[in-house]
Amino acid sequence: MVNRQDAAEQQRIEIEKLASVDDSFKPGSQVIVKQMFSFLQSPIAELRHIAIFGFCKLLAANRLLQEACVPVLSRLMHFYVTFEASAVDSKEQLQMHRLVED
């Protein structure tokens, strides 16, 4: 079983090496990052959701260039803080609604 895992790991590494030769697969490919960053600023919620998911994957895989990390992380933190604040407001409103009904 361990030999299969080692072989699979080696195969994955070889595939990544081959893919890194193509510009579109290089870490932090500027074309893709710019397009995804424009999705972060979109008024369409679905596009923002896709961009957040994609950037989280890129960050987890350490595939973003250092220059792109700061603006992306700051934008993601902004979304997180906004989401948390709206969740707290919703919870408070729900509690107030329950108090009014009683």
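Begin by selecting α3, residues 45-60, whose buried residues are A51, G54 and F55, where buried means under 20% relative accessible area, exposed means over 50% and partly exposed lies in between, with a 1.4 Å probe and protein chains only. Seen down the axis of α3, these buried residues fall within an arc of 100 degrees, so they line one face of the helix; the arc is that of the directions from the helix axis to the C-beta atoms. What you have open is a predicted model, in which local features need pLDDT of at least 70 and side-chain atom pairs count only at pLDDT 80 or more, while totals for chains, interfaces and linings use all residues. Residues are numbered from 1 along each chain as its sequence is written, and side-chain values use heavy atoms, with hydrogens and water left out.

Now turn α3 around and select E46, H49, F53, K57 and A60, which are the exposed residues carried by the face turned away from its buried side. Helix α3 has 16 residues and reaches 22 Å from its first C-alpha to its last, close to the 22 Å expected at 1.5 Å a residue; the expected span is 1.5 Å times one less than the number of residues in the helix. After α3 comes N62, whose phi is positive, near 55 degrees.

Stay with α3 for one more residue and select L58, which has its place in this helix. Is L58 buried, partly exposed or exposed? At 23% relative accessibility, L58 counts as partly exposed. Leaving aside its neighbours within four places in sequence, L58 is in contact with M36, R63 and L64, contact meaning heavy atoms within 4.5 Å. If you draw a line from the C-alpha atom of L58 to that of V33, the separation is 9.8 Å, although these residues stand 25 residues apart along the chain.

Move next to the loop between α2 and α3, where S42 lies. S42 is buried, with a relative accessible area of 11%, and, not counting residues up to four places away in sequence, S42 touches L47 and R48.

From the loop, go to α2, residues 30-40, and select its buried residues, which are V33, M36 and L40. Seen down the axis of α2, they fall within an arc of 70 degrees, so they line one face of the helix. On the other side of α2, V31 and K34 are exposed.

Keep L40 of helix α2 selected, since the next stops concern its surroundings. L40 is buried, with a relative accessible area of 0%. Which residues does L40 touch, not counting residues up to four places away in sequence? The residues that L40 touches are R48, A51, I52, F55, R75, L76 and F79. L40 and V72 are 32 residues apart in sequence and 8.7 Å apart in space, C-alpha to C-alpha.

With these residues in view, select the largest nonpolar core, which has eleven residues: V33, M36, L40, A51, F55, L64, A68, C69, V72, L76 and F79. A nonpolar core is a set of buried Ala, Val, Leu, Ile, Met, Phe, Trp, Tyr and Cys residues joined through side-chain atoms within 4.5 Å. Helices α2, α3 and α4, the last spanning residues 66-101, each supply at least two residues of this core, and α4 gives the most, with five residues.

Finally, show the whole protein, which has four helices and zero strands and follows the pattern α-α-α-α when read along the sequence; helices (H or I, at least four residues) and strands (E, at least two) are DSSP runs, numbered from the N terminus. Of the 102 residues of the protein, 15% count as buried. Among the contacts with a separation of 6 or more, 42% are accounted for by residues 24 or more positions apart. The protein exposes about 8400 Å², of which carbon and sulfur atoms supply 62%, with accessible areas taken from the Shrake-Rupley method with a 1.4 Å probe and, for residues, only the protein chains shown counting as cover.

As a last step, colour the model by pLDDT, the predictor's confidence in each residue, from 0 to 100. The mean pLDDT of the protein is 77, and 75% of its residues reach 70 or more. Among the elements of the protein, helix α1 (residues 2-19) has the lowest mean pLDDT (73) and α3 the highest (88).
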